[in-house]
Protein chains: 2
Amino acid sequence: MVTERRTQRMKRILNFRQTDLTVVCENIHDPHNVSAILRSCDAVGVNTVHLLYTNETFPKLGKKSSASAKKWLDFKRCRSHLELQETLRDQKMTIYATYIDASAKSIFEVDWTQPSAIIMGNEHRGVSPEALAIADQKIFIPMFGMIESLNVSVATAVTLYEACRQRLIKQQYQQLKDSAWIKERLNRWEKL
Amino acid sequence: MVTERRTQRMKRILNFRQTDLTVVCENIHDPHNVSAILRSCDAVGVNTVHLLYTNETFPKLGKKSSASAKKWLDFKRCRSHLELQETLRDQKMTIYATYIDASAKSIFEVDWTQPSAIIMGNEHRGVSPEALAIADQKIFIPMFGMIESLNVSVATAVTLYEACRQRLIKQQYQQLKDSAWIKERLNRWEKL
């Protein structure tokens, strides 16, 4: 039995969900990284995480509390970059991928208040050429140190929180959702 | 032998160092978390990391590349909260600690362009009462999901990157440092 208080909390959190902000995990294989990414997604209110596993299998996530963000998120598996592109385009999302070149923009210069999908690549290989090919904009996290990369879960969190900061300013966490949308998810969440 | 190009890169990075921004690791015991924190510190240009291990031992960090940020950072061990407080006060730093209560400020509302020390607490127990007692301001990271906490290395990175964002706007990465300060560190770095 779910208490009325918990139901109210779930409703509040469902209203916070940012349905026009998504993360794509492209062949990220370490379960700790995936768990941490899902936790950050839940924290900033991402609703749906896209999974694109073309040459890795999606890792088995542990049962520890750190992995439990999984149950509060929707997942959409895509079998190819083309399918991913169509899915995101249908939602009018701009597709971002982390990659440094002359055309890449700092995450602080991107307008994250618009519908956005962020592709995060494999730990060793980074974002694939196929992912870069479907990206509308390359992005990078400014770095000022001797080490030239961040852990993928850290990079995801830093990017998502910049989106969160911008969306807080625009009061995008205060936009109420369609009641049927809330109800459908609430029914699922109350059974978890 | 260090190439001239590498020396120039080191000089550039030393000039980026934010000597008035520091992280305090308070009894953080997981080596992966500590390594990830150090990597984020290096990335945003933290120069000195404070270590306050009063009831845990500082973990042995692995030899993987992810742990190698350690060698590019200065460390200051403090044996007590009082010693930490005096050290930070001598540098005119405002002391922040992550803790949610009515007086806590969002990380997005803090002015990180001023001299700042951020205390990050143990994975399970969080920031200690003694750390809260020496903190000038409690801070929190806004969260909108069902899971109520972030991994400590993710929380550190998100906070440091908000500081980084503000400091970029104020051009604090462009302030040249004293040449003796650079030289002393360059001598050390060239031997690494």
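Author: A nonpolar core is a set of buried Ala, Val, Leu, Ile, Met, Phe, Trp, Tyr and Cys residues joined through side-chain atoms within 4.5 Å; buried means under 20% relative accessible area, exposed over 50%, and partly exposed in between (1.4 Å probe, protein chains only). The model is predicted: local features need pLDDT of at least 70 and side-chain atom pairs count only at pLDDT 80 or more, whereas totals for chains, interfaces and linings use all residues. Side-chain values use heavy atoms, with hydrogens and water left out; residues are numbered from 1 along each chain as its sequence is written, and chains are lettered from A and ligands numbered from 1 in the order in which they are written.

Reader: Which residues touch the most other members of the largest nonpolar core?

Author: The largest nonpolar core holds 98 residues. B:Tyr161 touches residues in chain A, including A:Phe108, A:Ile141, A:Pro142 and A:Met143, where contact means heavy atoms within 4.5 Å. In chain B, B:Tyr161 touches B:Ala43 and B:Val44, with residues up to four places away in sequence not counted. The members of the core with the most such neighbours are A:Tyr161 and B:Tyr161.

Reader: In what sequence do the elements of chain A run from the N terminus on?

Author: Helices (H or I, at least four residues) and strands (E, at least two) are DSSP runs, numbered from the N terminus. Chain A has six helices and seven strands. Their succession along chain A is α-β-α-β-β-α-β-β-β-α-β-α-α.

Reader: What is the radius of gyration of chain A?

Author: The radius is taken over C-alpha atoms, and the globule rule is 2.2 Å times the number of residues to the power 0.38. For 192 residues the rule gives 16 Å, and the value of chain A is close to this, so chain A is as compact as a globular protein of that length. The C-alpha atoms of chain A fill a box of roughly 50 × 35 × 35 Å along the principal axes. The radius of gyration of chain A is 17 Å.

Reader: What percentage of the accessible surface of chain A belongs to carbon and sulfur atoms?

Author: Of the 192 residues of chain A, 56% count as buried. Accessible areas come from the Shrake-Rupley method with a 1.4 Å probe, and for residues only the protein chains shown count as cover. The accessible surface of chain A comes to about 9,200 Å², and the carbon and sulfur share is 51%.

Reader: Which strands of chain A stand at the edges of the sheet?

Author: Two strands pair if DSSP finds at least two bridges between them. The seven strands of chain A form an open sheet with parallel pairing, in the order 3-2-1-6-4-7-5. Each edge strand has a single partner strand, so one side of each is left without a neighbour in the sheet; these are strand 3 (74-78) and strand 5 (105-106).

Reader: What is the bridge partner of A:Lys105 in strand 7 of chain A?

Author: Strand 5 and strand 7 (residues 137-140) of chain A pair in the parallel sense over two bridges. Within this pairing, A:Lys105 is matched with A:Ile139.

Reader: Which residue of strand 6 of chain B stands opposite B:Leu21?

Author: In chain B, seven strands form an open sheet in the order 3-2-1-6-4-7-5, with parallel pairing. Strand 1 (residues 21-26) and strand 6 of chain B run parallel and are joined by five bridges. Strand 4 (residues 94-98) of chain B also pairs with strand 6 (residues 116-120), over four bridges, and there B:Thr94 has B:Ser116 opposite. Opposite B:Leu21 in strand 6 stands B:Ser116.

Reader: Which residue of strand 7 of chain B is the bridge partner of B:Thr98?

Author: Strand 4 and strand 7 (residues 137-140) of chain B run parallel and are joined by three bridges. In strand 7, B:Thr98 is matched with B:Ile139.

Reader: Is A:Gln172 buried or exposed?

Author: A:Gln172 lies in the loop between helix 5 (152-169) and helix 6 (179-189) of chain A. It touches A:Gln18, A:Thr113 and A:Arg167, leaving aside residues up to four places away in sequence. With 11% relative accessibility, A:Gln172 counts as buried.

Reader: What is the relative accessible area of A:Lys92?

Author: A:Lys92 lies in the loop between helix 3 and strand 4 of chain A. Its phi is near 60°, a positive value in a residue other than glycine. A:Lys92 is exposed, with a relative accessible area of 68%.
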